[in-house]
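Reader: Could you take me on a close look at the place where the two chains meet, and then follow the thread into the chains themselves? I would enjoy one connected account.

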Amino acid sequence: MPESAWGWLIVTYLFLAGAGAGAFVSAVACDLLAPDWSKTLARAGSLAAGPLVAVGTACLVLDLEAGLWQPWRQFYLVSNLSSMITWGVIILSLFIPVAFLYAAALNELTVVGRYARKYLRHLEVVGGFLAVATAGYTGVLIAVVNGVPFWNTPAMPVLFMASAMSTGLAVAMIGAAIIDITTIRTMSSFALGHVIFLSVEGLVLMLLIFLSLTRSVEAAASATMLISGSLSPYFWALVVIVGIVVPYVLSIVEYYEYGKMHKALVVGADLCVLVGGMSLRALIVFSGVAPHIV
Amino acid sequence: MPHYGIAIDTTKCIGCHSCRVACQNQQGLKYDQSFNWIKEREQGRFPAFGKEFVPVQCNHCQDAPCQSVCPTGAIYTSPEGIVLVHRERCVGCKYCIEACPYKVRIVDHHEGIVVKCWLCHDLVAKGGEPACVTTCPTQVRIFGDLDDPNSRVSQFIAKHRAQPLRPDLNTRPRIYYKRS
């Protein structure tokens, strides 16, 4: 019998949509709250957000079958408001253009950007709302699935949201280092963001595992697969150590050693967060176990 | 309007898979595609032990999770209570496969859509019964109108207090089981 229908394309989509939405939120937060800390981070975040979400959405479309080779069928995708995919299509269709427009406005790219610059605050408010909706919806998408008990918990959107914010911040920080390597000294202020998001992610992940172990037989089977079963090497190495512990420690050091940490370590911490974020999505999707029916 | 359902007596099932083959023939499926399966459950300890064969197919749930998650509205319930797929609307996103607790939906890669048991709606409309029901050598399945208290299926369910699979999932299936 078929067990799981979703593969790497959906995993990549969940990761990229989260990272793109997080990068947008990082850019908006940086531009609104701390414009004097780093203009580069806001620019990098805004430039990364649209393309990341767009590529993620392309993965989602590539995973379709009849909808891919008969694209007009995709118009039906907004038919059922009780489906999270319908909501996802609406949110993505609004967020992707707003994200590109925001990137153009913040960086004053092309005529459109110079015109949109006048509405920067509006774009930040609307786009911020849509970005949070995008990051949250990727979690709700799988949390409403009662065909996979491990996913079927309100902890899932919270976990995905925390992971989206930390991977988005990592994207913005790596982007800032690429745009202007000298800005890396000022990045230390943002390391606090990693500390907060990774703490939340770690705590929620722990709660999810502990609660799943007692919630139902199937959820326990998934959680066991992650902590001591066939997927456990990947879970402990990629999600826990590389994805959470290492960048968490590095970010604390970075925050206290303001501006003195080696730039390879600053960028390294962010790359670790990205590896962890992708691994988290993959392991959660692949550890899904169907209800025992007989 | 009748509301169709099936009662399955697992105490009679010998695990011969003829329901699966009949279904494949009736629906024109390939050898590796199937709309019904026989799950096996071992129970007891030596010397008192046995194996139970549990035929599984689309449960035609009254609160079908596949129907509520389908973004294109391709999944609908017919007036007779049969959960059907609108082949022209399905995009193949496979969300319904994830949502179905019974995991009885498959992808038809040729058409690029998700397909499943449709209770042989073509045969039933002409007054017949689904192929899995008529082909079974030990008459494990009883097909009929669940709304008619005098139908064979309703009588069987009432007599043996047949239950759907995993009623706790609140999907309210229309396939009932008498278990060994």
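Author: Between chain A and chain B, 26 residue pairs are in polar contact, with both residues of each pair at pLDDT 80 or more. On the side of chain A that touches chain B, the elements giving two or more residues are α3 (66-69) and α4 (84-106) of chain A. Please keep in mind that this is a predicted model, and that the picture below is read from its atoms.

The contact takes 37 residues from chain A and 43 residues from chain B. Putting the two chains together buries an area of about 3200 Å². Carbon and sulfur atoms give 59% of that area.

Charged pairs also cross this boundary: the rule finds three salt bridges across the interface of chain A and chain B. One of them pairs Glu218(A) with Arg166(B), whose side chains meet at 2.9 Å, N to O. Glu65(A) and Lys94(B) form a salt bridge as well, and here the closest N and O atoms are 3.7 Å apart. Glu65(A) sits in the loop between α2 and α3 of chain A, while Lys94(B) sits in the loop between β5 (83-85) and α3 (95-99) of chain B, so this pair joins two chains. Are the two partners buried or exposed? Glu65(A) is buried, with a relative accessible area of 11%. Lys94(B) is buried too, at 5% relative accessibility. Both values fall under the 20% that sets the limit for a buried residue.

From the interface we can step back to the charged pairs in general. Over all chains, the count comes to twelve salt bridges. A good one to look at inside chain A is that of Arg121(A) and Glu124(A), whose side chains meet at 2.9 Å, N to O. Why are these two about one helical turn apart? They are separated by that much because they lie three residues apart in helix α6 (residues 120-143) of chain A. Their surroundings are worth a look: Arg121(A) is partly exposed, at 47% relative accessibility, whereas Glu124(A) is buried, at 2%.

Chain B offers a pair of another kind. Glu111(B) forms a salt bridge with Arg87(B), the closest N and O atoms being 2.7 Å apart. This pair links distant parts of the chain, 24 residues apart: Glu111(B) is in the loop between β6 (106-108) and β7 (113-115) of chain B, and Arg87(B) is in the loop between β5 and α3 of chain B. Glu111(B) is partly exposed, with 31% relative accessibility. Arg87(B) also counts as partly exposed, with a relative accessible area of 39%. Back in chain A, salt bridges that share partners join Asp31(A), Arg121(A) and Glu124(A) into one network.

Now for the interior of each chain, beginning with chain B. Gln57(B) lies in strand β3 (residues 48-57) of that chain, and at 2% relative accessibility it counts as buried. The side chain of Gln57(B) is joined to that of Arg141(B) by a polar contact of 2.9 Å. Leaving aside neighbours within four places in sequence, Gln57(B) is in contact with a set of residues that includes Ile6(B), Ile8(B), Phe35(B), Val104(B), Cys117(B), Leu119(B) and Tyr177(B).

In chain A, the residue to visit is Leu41(A), found in helix α2 (residues 39-63). Leu41(A) is buried, with a relative accessible area of 0%. Beyond its neighbours within four places in sequence, Leu41(A) is in contact with Ser26(A), Cys30(A), Ala172(A), Met173(A), Ala176(A), Met187(A) and Phe190(A). For a sense of scale, the C-alpha atoms of Leu41(A) and Met156(A) are separated by 28 Å, with the two residues 115 apart along the chain.

Let us finish on the surface of chain A. Val158(A), Leu192(A), Ile196(A), Val200(A), Ile252(A), Tyr255(A) and Tyr256(A) make a nonpolar surface patch of about 610 Å². The elements that give two or more residues to this patch are α8 (188-215) and α10 (232-256) of chain A. Val200(A), one of the patch residues, is found in helix α8. With a relative accessible area of 34%, Val200(A) is partly exposed, and a patch residue must have over 30%.

Notes:
Residues numbered from 1 in each chain as written. Chains lettered and ligands numbered in written order. Predicted model: local features only at pLDDT ≥ 70, side-chain atom pairs only at ≥ 80, totals over all residues. Heavy atoms only, no water. Patch = residues over 30% accessible without salt bridge, like charges linked within 9 Å, V, L, I, M, F, W, Y side chains within 5 Å. Areas by Shrake-Rupley, 256 points an atom, 1.4 Å probe, with all protein chains shown as cover. Salt bridge = Lys/Arg side-chain N within 4 Å of Asp/Glu carboxyl O. Helix = DSSP H or I, 4+ residues; strand = E, 2+ residues; numbered from the N terminus. Buried < 20%, exposed > 50% of the residue type's maximum accessible area, 1.4 Å probe, protein only. Contact = heavy atoms within 4.5 Å. Buried area = accessible area lost by both parts, 1.4 Å probe. Polar contact = N/O pair within 3.5 Å; in protein donor to acceptor, adjacent residues only side chain to side chain.
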